[in-house]
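This note is addressed to a colleague who is meeting the structure for the first time. Please read the numbered points alongside the sequence and the model.

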Amino acid sequence: MFHEIRMRRLRANENLRRLVRETHLSIDNLMYPIFVVPGTHIRREVPSMPGIYQFSVDQVIREVQEAAEFKIPGILLFGQPEHKDANGGESYADNGVVQQAIRAIKSQLLHVVVATDVCLCAYTTHGHCGIVDKNQVLNDVTLEVLSKIALSHARAGADMVAPSDMMDGRVAHLRATLDENGFSNIPIMAYSAKFASQFYGPFRDVQNSAPQFGDRKSYQLDPANQREALREVELDIQEGADIVMVKPALAYLDIIARTRELTDLPIAAYSVSGEYSMIKAAAEKGWIDGEKTMMESLQAMKRAGADILITYFAKEAAKLLRE
Ligand code: PBG
């Protein structure tokens, strides 16, 4: 008789599988990105992201309320200006839509963590994530503006800021600015390992933020590079990041797993617009089961080591997880 190892013994029924399950998805893991736009009475569905909307400030409250009712613990706000300009001046305006939305949400005493995306690409005419001179994205000049944005969000009442620009030194710069201005308690969730990815396609339609010349490869990571991504994560930790992020998520599970080995900081995985749209599109065609594929994908990100799952599926996943 050979000594047989039968892996299937513990897979025999659902209760056995429950007992040995290693990864558990929870509503506690979810963070929901929300798009705010100028105007009133706007609740516009994004064609390439069915189920996802752009909201004017007056409409966004209802959406945040709904997220809070689902017990989703956090939201991530993205804004757009009335008018784009070369330097993205509206990004730090006191009456910008993000700043207004934060105040509106806070005045309603909605119990969610309000995080904000700190970047310039939606605010600049050229669509780059920084200040541009002679077709070059300037690093250190951009830091000043990013700090102004983060500060304006903090002043409006944001609970957390999330720089997504990939300039060098932005975490340290933001930390110093926040601290000097009495916001030493506001955490920074750094988009640390953010890749120059095709999966951002639908997002750039929503935000009308595609670069008007060139691409983002001079500041976002090369999708071919794992070690460089880990250096980015290390640097952001040294600079004072409270949470490090890997983005996109599904195609970068190796980066999440390696980051998990590198640090005990919380890790956020941003499952980006293209990941959402692919599942939605295939499900619409009847080629996959949308809900099951969504849950499997989220579980994979968690298994890889992520704590926070930033996903456009947050409400749908929360609905399933509370049942
Ligand atoms: C801004 C930013 C982007 C995303 C989040 N913040 C786009 C980009 O870098 O072009 C992408 C999010 C998504 O695709 O869901 N820099």
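Which residues line the largest pocket? The points below begin with that question; the model under review is a predicted one.

1. The largest pocket. The residues that line the largest pocket are Arg 18, Arg 21, Thr 23, His 24, Leu 25, Lys 292, Met 295, Glu 296, Gln 299 and Leu 321. The volume of this pocket is about 230 Å³. Helix α10 supplies the largest share of the lining, namely 4 residues. By character, the lining of the largest pocket divides into 3 nonpolar, 3 polar and 4 charged residues.

2. A salt-bridge network that includes a pocket residue. Arg 21, one of the residues lining the largest pocket, is linked with Glu 14 and Arg 17 in a network of salt bridges. Side chains of opposite charge can pair when their charged atoms come close. Glu 14 and Arg 21 meet through their side chains at 3.4 Å, N to O. Glu 14 also forms a salt bridge with Arg 17, where the closest N and O atoms are 3.1 Å apart.

3. Setting of that network. Arg 17 and Glu 14 are separated by about one helical turn, because they stand 3 residues apart in helix α1 (residues 14-20). The three members of the network may be taken in turn. Glu 14 has a relative accessible area of 36% and is partly exposed. Arg 17 is partly exposed at 32% relative accessibility. Arg 21, at 35% relative accessibility, counts as partly exposed.

4. A salt bridge between separate parts of the chain. The structure holds 16 salt bridges, and another of them joins the side chains of Asp 242 and Arg 175 at 3.7 Å, N to O. Asp 242 lies in the loop between α7 (227-238) and β10 (243-247), while Arg 175 belongs to helix α5 (residues 170-180), so this pair ties together parts that are 67 residues apart in sequence. Is each partner buried or exposed, or in between? Asp 242 is partly exposed, its relative accessible area being 34%, whereas Arg 175 is buried, with a value of 13%.

5. The largest cavity. The model contains 2 cavities of 30 Å³ or more. About 240 Å³ of space lies in the largest cavity. Its lining consists of 27 residues, and those closest to the centre are Phe 78, Asp 117, Cys 121, Ser 164 and Phe 203. Two or more lining residues come from each of α4 (139-156), β9 (189-194) and α6 (201-207). Helix α6 gives the largest share, 3 residues. The lining of the largest cavity divides into 15 nonpolar, 7 polar and 5 charged residues.

6. The second largest cavity. What volume does the second largest cavity have? The space within the second largest cavity is about 60 Å³. This cavity is lined by 13 residues, and nearest its centre lie Ser 271, Glu 275, Ile 279, Thr 311 and Phe 313. The elements giving two or more residues to this lining are α9 (273-284) and α10 (290-304). The largest share, 4 residues, comes from α10, the helix that also gives the largest share of the lining of the largest pocket. The lining of the second largest cavity comprises 9 nonpolar residues, 3 polar and 1 charged.

7. Strand β5 and its neighbours. Strand β5 (residues 113-118) is mostly covered, as 5 of its 6 residues are buried. Which strand pairs with β5 in the parallel sense over 4 bridges and includes residues 74-78? That strand is β4, and within this pairing Leu 76 has Ala 115 of β5 as its bridge partner. Together with helix α3 (residues 97-107), β4 and β5 make a right-handed β-α-β unit. Strand β8 (residues 160-163) also runs parallel to β5, to which 4 bridges join it. Here Val 118 stands opposite Pro 163 in β8.

8. Points to follow on the model. For a reader new to the structure, two places may serve as a starting point. One is the network of Glu 14, Arg 17 and Arg 21, since Arg 21 also appears in the lining of the largest pocket. The other is the largest cavity, where Phe 78 and Asp 117 are among the residues closest to the centre; Phe 78 falls within β4 (residues 74-78), and Asp 117 within β5 (residues 113-118).

Conventions:
Residues numbered from 1 in each chain as written. Predicted model: local features only at pLDDT ≥ 70, side-chain atom pairs only at ≥ 80, totals over all residues. Heavy atoms only, no water. 1 Å grid on protein atoms, 1.4 Å probe; cavity = no way out; pocket = protein on both sides within 12 Å on 5 of 7 lines; lining within 4 Å. Points joined across faces, edges and corners; volume = space filled by probe spheres on them. Nonpolar A, V, L, I, M, F, W, Y, C, P; charged D, E, K, R; others polar. Salt bridge = Lys/Arg side-chain N within 4 Å of Asp/Glu carboxyl O. Buried < 20%, exposed > 50% of the residue type's maximum accessible area, 1.4 Å probe, protein only. Pairing = 2+ DSSP bridges. Right-handed = clockwise from strand over helix to strand, strands pointing away.
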